[in-house]
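Visitor: Could you take me closely through one part of this model, beginning at a single loop and following the charged side chains around it? I would like the cut-offs behind each term as you go.

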Amino acid sequence: MNRRSFGRYWVTILLLLSVVAAAGLVVASPFFLAALGRSRGDWSVLGDIGQTYGAASAILAVLALIGVAFSLVLQAREAKSAREQALRTLHGDLMKMAMDDPLYRACWGAFFASGDEEGQRAHLYVNMILNHWLLMWELRSITEAHLREIAATVLAGPIGRDFWRQARTLRTASAGSRRERRFNLIIDDVYSEVTAGGAAPVAARAARGGSSVVVGVGVALALVVVVQRILRGFVRGGR
């Protein structure tokens, strides 16, 4: 279960618990009023309490409706994600069939009807790699830095570059969500860096990231040493 699904799960559980608690209070309130009536004889006070109970029950009903509506929205999103996953699984199966049989590859267009069988299978395989990255990106299972690193590795080779050169326009135009558009922009940015100057820009950025981590650790250690000296000074002064 990924981070987003885990958060939605606990939000749904909390909403259900809140609705159940609110329903329990509504059900138990008449018994509370009955006990209060036996202990007090002032019915005007009980009438005021009853009016207050009516307003509170209306608020609880609204909260319950909000909880139900939120649960329905979450269920609709989960159903949509399940349909998208089923479609991607079917697409992956079609790709595997095309990779295994030249007859099925020829059904995908003129490029796959040519005599370069190895190039066709490589093209299909790189397509499956990018679809796998896209799924991880949409599920937030991969960071942008990690995506850039692995994309630079694949696009550094001639097969990866040829694939993105041929597919970049179609993939960019057919993106169905803002996150998918961002994914395509990242891949295209890495492709531009690789074709312009090789994988050096990406490696340099990784090196800068590593050096910044080292600097951050050094600063933290220096702060610890300073705090320790200050505490020692206070202890000695107290003595």
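Guide: Arg140 sits in the loop between helix H4 (117–138) and helix H5 (144–155), where helices are DSSP runs of H or I with at least four residues, strands are runs of E with at least two, and both are numbered from the N terminus. This is a predicted model, in which local features need pLDDT of at least 70 and side-chain atom pairs count only at pLDDT 80 or more, while totals for chains, interfaces and linings use all residues. Residues are numbered from 1 along each chain as its sequence is written, and side-chain values use heavy atoms, with hydrogens and water left out.

Although Arg140 is not a glycine, its phi is positive, at about 60°. With a relative accessible area of 46%, Arg140 is partly exposed (buried means under 20%, exposed over 50%, and partly exposed in between, with a 1.4 Å probe and protein chains only).

On the H4 side of this loop, Glu138 forms a salt bridge with Arg88, with 2.5 Å between the closest N and O atoms; the term stands for a side-chain nitrogen of Lys or Arg within 4 Å of a carboxyl oxygen of Asp or Glu. The pair links distant parts of the chain, since Glu138 belongs to helix H4 and Arg88 to helix H2, 50 residues apart. Of the two partners, Glu138 is buried at 18% relative accessibility, whereas Arg88 is partly exposed at 28%. Helix H4 also holds the salt bridge between Arg121 and Glu117, whose closest N and O atoms are 3.9 Å apart. Because Arg121 and Glu117 are four residues apart in helix H4, about one helical turn separates them. Both are partly exposed, Arg121 at 32% and Glu117 at 38%.

On the H5 side, the side chains of Glu144 and Arg182 meet in a salt bridge of 2.8 Å, N to O. Glu144 lies in helix H5 and Arg182 in helix H7, so this pair ties together parts that are 38 residues apart in sequence. Through salt bridges that share partners, Glu144, Arg148, Arg182 and Asp189 are joined into one network. Glu144 is partly exposed at 28%, and Arg182 is likewise partly exposed, at 36%. A search of the whole structure finds eight salt bridges.

Helix H7 (residues 178–197) also contains Glu180, which is buried yet has no salt bridge, the nearest side chain of opposite charge being Arg88 at 5.3 Å; in this count Lys and Arg are positive and Asp and Glu negative, with His and the chain ends not counted. The side chain of Glu180 does reach the backbone nitrogen of Gly176, at 3.1 Å. Leaving aside residues up to four places away in sequence, Glu180 touches Leu134, Glu138, Ser174 and Ala175, where contact means heavy atoms within 4.5 Å.

Arg171, in helix H6 (residues 158–173), is another buried charge without a salt bridge, and here the nearest side chain of opposite charge is Glu180, 5.6 Å away. The side chain of Arg171 makes polar contacts with the side chain of Asn127 at 2.8 Å and with that of Asn131 at 2.9 Å. Such a contact is a pair of N or O atoms within 3.5 Å; within protein, one must be able to donate a hydrogen and the other to accept it, and residues adjacent in sequence count only if both atoms are side-chain atoms. With residues up to four places away in sequence again left out, those touching Arg171 include Leu130, Phe163, Trp164 and Asn184.

Helix H6 contains Arg165 as well, and this residue is partly exposed at 44%. A polar contact of 2.7 Å joins the side chains of Arg165 and Asp162. Arg165 and Tyr191 are 26 residues apart in sequence, with their C-alpha atoms 8.6 Å apart in space.

As for the wider setting, the protein chain has eight helices and zero strands. Of its 239 residues, 20% count as buried. Among contacts between residues at least 6 apart in sequence, 61% join residues at least 24 apart.
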